[in-house]
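Notebook open, model loaded. I want to go from the whole chain down to single residues and jot down what I find.

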Amino acid sequence: MESTSDRRLLMAEDGLVGGSLAGLCLARLQHFAREKGWRGFGLVGPGVLIAVGYVDPGNWATDLSGGARYGFELLSVVLLANLVAAMAQALCVRLGIVTGKGLAEVCRESFSRPVVMLLWFLTEIAMVATDLAELVGSAVALKLLFGIGLLPGVLIVSAGTFVVLSLGLSDRKLSGLVALLMLVVAVSFTVLLVLARPHWLEVVAGLLPTPTLIVDPSMLLIAIGIVGATVMPHNLYLHSGLLAVVGRRLEAGSQRSTEVKKAAIRAGALDSSLSLTIAFFMNAAILIAAGAVFHANGLHEVSSLSSAYRLLDPVLGSGIAATLFAVALLAAGQSSTITGTLAGQMITEGFLRIRLSPLIRRLITRGAALGPAILYFSLAGEDNSAHLLIASQVVLSLQLPFALVPLVHFTASRRLMGDLAVGRRTALCCWAMALLLVGLNVLLIGDMVA
């Protein structure tokens, strides 16, 4: 385990909230890579933080809408999105450990200034869309639990986030808090699935893609929203940034050999894959519960979180289902906000070389998200929050290629990665994944124009 002085040095070197967390990861990584290899790699931390981004309130809106309208048919999209996410996060691990740099920093060093500024601007839009979903989802949870209106709710949620960040909790305590909130979400949906009693054979059948997806614009829109809600651009910057600190420390120490780095890459990929598997089951649980509770009972237009809350108890005949739903929603929103703050710091540091405190970074992003939220609720009322949540996820899906394509390009580059660049077959699979997402986005834009 690293000494306190080592962790302080790491913090001073990187100026990031994630510095000591990555240092603790390094201590475990060094031990297991040297003594046991990647199979002995235990819980790291980055995988848990990354998984949070895959179960934020934006996922709830798209999964809930998809399950209520189409039953289990879109479960294949949830699975596909998770496979894409696992591949993308594995590339982040490789990039960070081999280069010792996060994705944003590599973009800054590799592209021209105008391209860098464009990528940074698009990434900030994605960050605002992410924060908007977390903000609205948490405010909806407060309304469901305590009857607080959405307009005062978004202000209360924002104030609560600033209070948590102002406490100056260590990274270990923050990651522990995030893990606890994730546990609340997991337990809540496990109970909901038990109450919903889905037909599991139909659930398994839903894992197979349906051709209707391509010809039904409404289904395609929700499917793209699911992809956007699952594979989040800021996670690529966050994950590569956390592992970059590990890569720099390996390079600076005595464990810079290719074999050790390969072991570290396998360890990091295993960590993220295990965490994303848990995230997949959480996302699938939301869609399965919606399909079993609402679609099976003819309630196909249940697309808002508030409607789901009101109908859960009457349909299931349980007085606890709706409360569990709201508590899990609040936990998901708050855990995502914490990791979003860390990702925002890495984005500004990587693209612009500007180091911001957690409070300042959260103030910028939350301020940008508060404006659209307040304006929307003032004009459209508080009954259409689902439309705002789904729109935010579509925006994320449209932004995703601008992070994913550079990531695939860099990890396939032998000039940058040397012998640890991904192989030709893996590169082809990654490019196919990126082109698939671009193609889906083109279809979405075409449907919008039509």
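I started with contacts in this predicted model. Among contacts with a separation of 6 or more, 82% join residues 24 or more positions apart. I then looked up the secondary structure and got 20 helices and 0 strands. Of the 450 residues in the chain, 56% are buried. For the surface, I noted about 17900 Å² exposed, with carbon and sulfur atoms supplying 67% of that area.

**Entry: H5**

I picked helix H5, residues 75-99, for a length check. With 25 residues at 1.5 Å a residue, H5 should span 36 Å, and its end C-alpha atoms are 36 Å apart, so the two agree. I also checked how covered H5 is: 19 of its 25 residues are buried, so I wrote it down as mostly covered. Right after H5 comes Gly100, and its phi is positive, near 70°.

**Entry: positive phi outside glycine**

Next I went through residues other than glycine with positive phi, and noted two arginines, Arg197 and Arg353. Phi of Arg197 is near 50°, and phi of Arg353 is near 60°. Where do they sit? I found Arg197 in the loop between H9 and helix H10 (200-205). Arg353 is in the loop between helix H16 (321-352) and helix H17 (358-380). Buried or exposed, I asked of Arg197. Its relative accessible area is 70%, so Arg197 is exposed. Arg353 comes out at 60% relative accessibility, which is over the 50% cut-off, so it counts as exposed too.

**Entry: Met182**

I moved back into H9, which covers residues 171-196 and holds Met182. Met182 has 9% relative accessibility; the cut-off for buried is under 20%, so this residue counts as buried. Which residues does Met182 touch, leaving aside those up to four places away in sequence? I listed Ala51, Val52, Val55 and Met282. I also looked up a long-range pair: Met182 and Ala331 are 149 residues apart in sequence, yet 7.1 Å apart in space, C-alpha to C-alpha.

**Entry: Asn283**

I looked up Asn283 next and found it in helix H14. At 1% relative accessibility, Asn283 counts as buried. Setting aside residues up to four places away in sequence, Asn283 touches Tyr54, Val55, Asn59, Asp63, Val78 and Thr230. Val55 is in my contact list for Met182 and in the one for Asn283.

**Entry: cavities**

Last, I searched the whole structure for cavities of 30 Å³ or more and got 3. The largest cavity has a volume of about 60 Å³. What lines the largest cavity? I wrote down Leu64, Phe189, Leu192, Ile286, Ala289, Ala290, Phe294, Leu312 and Phe325. By class, that lining has 9 nonpolar residues, no polar and no charged ones. Which helix gives the largest share of the lining? H14 does, with 3 residues. Both H9 and H14 (258-293) supply at least two residues each. So my notes on H9 and H14 end up linked: H9 holds Met182, H14 holds Asn283, and both helices contribute to the lining of the largest cavity.

Methods: Residues numbered from 1 in each chain as written. Predicted model: local features only at pLDDT ≥ 70, side-chain atom pairs only at ≥ 80, totals over all residues. Heavy atoms only, no water. Helix = DSSP H or I, 4+ residues; strand = E, 2+ residues; numbered from the N terminus. Buried < 20%, exposed > 50% of the residue type's maximum accessible area, 1.4 Å probe, protein only. Contact = heavy atoms within 4.5 Å. Expected span 1.5 Å × (residues − 1). 1 Å grid on protein atoms, 1.4 Å probe; cavity = no way out; pocket = protein on both sides within 12 Å on 5 of 7 lines; lining within 4 Å. Points joined across faces, edges and corners; volume = space filled by probe spheres on them. Nonpolar A, V, L, I, M, F, W, Y, C, P; charged D, E, K, R; others polar. Areas by Shrake-Rupley, 256 points an atom, 1.4 Å probe, with all protein chains shown as cover.
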